[in-house]
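Reader: I should like to examine how the terms applied to this structure are justified. Please set each value against its criterion.

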Amino acid sequence: MALKHVLAALLLFLAVAAAAQKQVEKPSPPPLLSHELHPDRSVTFRFKDAAASKVELNLEGVAKPIPMEKGKAGIWSYTTRPLAPEIYFYSFLVGSEPRIDPENHVLVSNLFFPAGNAMVVPGETPQLWDETAVPHGLLHTHRFTSKVALGLPSNQEEVVVYTPPGYDAHAAKPYPVLYLLHGWSGVAEGWTRDQQANFILDNLLAEGKIKPMVVVMPQAYGDMSFVENGWRVWDDPAVVDHNTQLFMTMMTAEIMPLAESAYDISRDRGGRAITGLSMGGLEALDIGLHNTDKFAWIGGFSSAVHNLDYEHQFAALGPKSADLKLLWIACGTEDSLIDANRKLIAFLKGKGMPVTQIETPGLHVSLVWRDNLIHFAPLLFQE
């Protein structure tokens, strides 16, 4: 009897061990498909939080957060309408707390805004911001010790430079140069990392739509406290102007000389352009219009000119300074800055400035700014 009990106990042990082994070997559930692209270019977003009582989707191009619906296993979801081919930024709100998509490792670069993710909705054919089988330019990163900027870590300023395919440092004729500035909370590599500006330039060049040009993209803060102290800095015109004027000095005294010493680029106003988005648009217009002897091509995309005292800042503008090849000011019609840009344009036209006014549908978003660059770049440096 004792042997039978021993054998029974052994068989029971083996059965339990086998069941445990099967439990261990049971495959883990697949990762959450957090942004599922459908054939019609609609997208289903999913976020898992069983404890949440409210989850919303922040989707670039949509003015307000979109409520999501709670389903099984605490998975919240929302399916969009078919979307236009684009790069879209998005994030989630759990209650009032911003959250990134933990299943998507493509993050948007910024210094202050809550982190967000990026995803691509492709078109039936390659888009201008896609990496395609064309010759590609190179990206170079420079760092230097600024004597002008305030609050930089160890006073180190960063500049990203795009050189076009086939760039020749010993070319007989210098390359024209575009100084391209990011917006508030952005960083030097924002135009290339988030907006794919280098691929846009590669593709436009391959299509014969732009001149080969060098593009200089600095970190565009005169005083880092302007971004570190939060959004309310924009309520104080003196603080805005302090940052803008410091950056203008850094641009003309440090960034331009660095670029001109490192690359075979134009030192003539006819071969220099400057533009930027939002804060960078304000800076580009301020720098360009104060230095029309240095820049013949000036632009601004959704420029943050709402607190710009342009009647004082641009009082000296007149017929002599109106000899510009291009003054191109664009803004989305749903952007809160549209009225401020319209007022600035009216002021400049009253000064006899040759403004090209561009208004397109859209909010204060990168979808508008990529489109701006696509239409602005082909106008530059044309005879």
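Reader: Why is Ser 34 called buried?

Author: In this predicted model, Ser 34 has a relative accessibility of 2%. Buried means under 20% relative accessible area, and therefore Ser 34 counts as buried. Its place is in the loop between helix 1 (2-25) and strand 1 (35-37).

Reader: Which residues is Ser 34 in contact with, leaving aside its neighbours within four places in sequence?

Author: Ser 34 is in contact with Thr 44, Phe 45, Arg 46, Tyr 90, Asp 101 and Glu 103. As for Phe 113, which lies 79 residues from Ser 34 along the chain, the two C-alpha atoms are separated by 22 Å.

Reader: What makes the pair Ser 34 and Asp 101 a polar contact?

Author: The distance between the two side chains in this contact is 2.6 Å. A polar contact requires a pair of N or O atoms within 3.5 Å, one able to donate a hydrogen and the other to accept it; therefore the value of 2.6 Å meets the distance criterion.

Reader: Why is Ser 185 called buried?

Author: Ser 185 has a relative accessible area of 1%. The cut-off is under 20%, so Ser 185 is buried. This residue is placed in the loop between strand 12 and helix 2 (190-193). Its phi is near 80°, a positive value in a residue other than glycine.

Reader: What makes a positive phi worth noting in a residue other than glycine?

Author: Most residues other than glycine have a negative phi. Ser 278 also has a positive value, with phi near 55°.

Reader: Where is Ser 278 placed, and why does this residue count as buried?

Author: Ser 278 is in the loop between strand 14 (272-276) and helix 6 (279-290). Its relative accessibility is 9%; because buried means under 20%, Ser 278 counts as buried.

Reader: How do you know that strand 12 and strand 13 pair?

Author: Strand 12 (residues 177-181) and strand 13 (residues 214-218) are joined by 3 bridges and run parallel. Pairing requires at least two bridges, so these strands pair. Val 177 stands opposite Val 214 in strand 13.

Reader: What is the order of the strands in the open sheet, and why are strand 10 and strand 17 called edge strands?

Author: The open sheet has 8 strands in the order 10-11-13-12-14-15-16-17, with mixed pairing. Strand 10 (138-145) and strand 17 (355-360) each pair on one side only, and are the edge strands. On average, neighbouring strands of this sheet are turned by 15° against each other, direction ignored.

Note on methods
Residues are numbered from 1 along each chain as its sequence is written. This is a predicted model: local features need pLDDT of at least 70, side-chain atom pairs count only at pLDDT 80 or more; totals for chains, interfaces and linings use all residues. Side-chain values use heavy atoms; hydrogens and water are left out. Helices (H or I, at least four residues) and strands (E, at least two) are DSSP runs, numbered from the N terminus. Axes are lines fitted to C-alpha atoms, for helices over the stretch in contact, and angles run from 0 to 180 degrees between N-to-C directions. Buried means under 20% relative accessible area, exposed over 50%, partly exposed in between (1.4 Å probe, protein chains only). Contact means heavy atoms within 4.5 Å.
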